[in-house]
Amino acid sequence: PGVLQWAAAPFFFILTLFLLFGPSEPEDNIGSAYTWALGWPMLVFGSFLWARFWCTVCPMGTTGALAKRIKSLDLPLPQVFKKYSTWFIMLMAITVIWLEMVTDMRQHPFRVGLLLAAILGGSVLFSLLFERQAWCSYICGLGGMMGFFAKVSPLELRADRNVCLSSCTGHECYTGTGDSQGCPYFQLTPALESNQHCKLCLACLKNCSHRAVNLFLRPPGKELWELRQGSLVVSFFVMAMLGALACELLAGSEMIASAAEKTGFPRAAVLTLVLTALILTANAGLLAASRVSSLFAGDTLAGNYSLYGQAYLPLVLAAFLAYHLFYLLTLGGKLPETIALYFHLEMFSRLGFSVPQPAIAALQKAILLAGFAWTAFVHFKQARGLAGGAARVAGGLASHVIYSGLLAAAVLAAMKIHFR
């Protein structure tokens, strides 16, 4: 992926310069047009199609790696970052969404440029201080969110543990070789069980002389229904992402404006309160569904919440896909015209396209319906994989299927408000 890395990095810096120093109107700024028309949609759609590969070609990580080559202290990463990595990632991801809302970032290209520059600064700073790619692995909110979505991707990299145990003594996938570094994400490939912790850089595949590491296709969501031990923090984050998206959908609504006017609070304060309330409400609903499910399944509330909560990821991914599909099909259709005007390349103006609003709405509904069905199927596979008869499986499954349907309906209603 080296060619892609060094192609993406200059493009990113040019894009950031356009954002910072280009026209202030978003429709006239090619950096802003690209960010919202292709940048965000590529991240979300890509996390499903090719897992976390975007993190491999990410210009921020590439710049950090270049800075490390020049000078790095290569200090061990403090344990607090590793122990609470999911919390750091969650806070960073929610903060990015919060900043988009409270600063009205879609209408201000300069603010988008500042955000990208800040994330780049974090990547470079951590590269100069700590070993490997600590920022990308344990801190970055964008990469972390893509890592969670990558759990449902049909693409995975795994090692044949039998070969590793019988033939490997050097663990070059982790330690590296004389010609190639080890895993930048601190992973020992035989122990890798989740796409969340792999960016598909293929360093381990190249380093393995026993050919134990390979890329595989799998049924989407298989990683989720094969879980036997969940994570409270990950399940909380799954609901938090959906709550944050719902808040972003409502940010420009009359309801938010009216609340700010009646309370006298600044819009940013109202959005912060609504964001917090939606995140807590989404998780409260999951707690209620988990409580009912645990009564039938015979497990604990915490165990049910942490295991079944992750199975909502297909629905959350579908919600983000449906949201960004609108901008892909509207702003994306206008992007060739913006390029033509900006660079006086008339031929690009012929590449523009327009998709009717009803067609986009129908596609959004179809994606949300698929996400709901996908989540229900993962819940079914999870319930069937646990011990118990048909009644126990149905009882443990029902409350989560009902709640995922309610969430899908709520997101659809919020999208109607946002896009009307």
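Which side chains meet in a salt bridge at 3.5 Å, N to O, when one partner is arginine 158? In this predicted model, the partner of arginine 158 in that contact is glutamate 223.

## The contact between arginine 158 and glutamate 223

The two residues belong to separate elements: arginine 158 is part of strand β1 (residues 155-159), while glutamate 223 sits in helix α13 (residues 222-225), so the salt bridge ties together parts that are 65 residues apart in sequence. Arginine 158 has a relative accessible area of 11% and is buried. Glutamate 223 is buried as well, at 7%. Both values are under the 20% limit for a buried residue.

## A second partner and the network

Arginine 158 also forms a salt bridge with glutamate 156, with the closest N and O atoms 3.5 Å apart. Glutamate 156, like arginine 158, is buried.

These residues take part in a network of salt bridges that links Lys151, Glu156, Arg158, Arg218 and Glu223.

## The contact between glutamate 193 and arginine 161

Another salt bridge joins glutamate 193 to arginine 161, where the closest N and O atoms are 3.3 Å apart. Glutamate 193 lies in the loop between α11 (172-175) and α12 (203-207), and arginine 161 in helix α10 (residues 161-167); the pair therefore ties together parts that are 32 residues apart in sequence.

Glutamate 193 counts as exposed, at 58% relative accessibility, whereas arginine 161 is partly exposed, with a relative accessible area of 40%.

## Total for the structure

A search of the whole structure finds 8 salt bridges. Among them are the contacts of arginine 158 with glutamate 156 and with glutamate 223, and that of glutamate 193 with arginine 161.

Definitions and conventions:
Residues numbered from 1 in each chain as written. Predicted model: local features only at pLDDT ≥ 70, side-chain atom pairs only at ≥ 80, totals over all residues. Heavy atoms only, no water. Salt bridge = Lys/Arg side-chain N within 4 Å of Asp/Glu carboxyl O. Buried < 20%, exposed > 50% of the residue type's maximum accessible area, 1.4 Å probe, protein only. Helix = DSSP H or I, 4+ residues; strand = E, 2+ residues; numbered from the N terminus.
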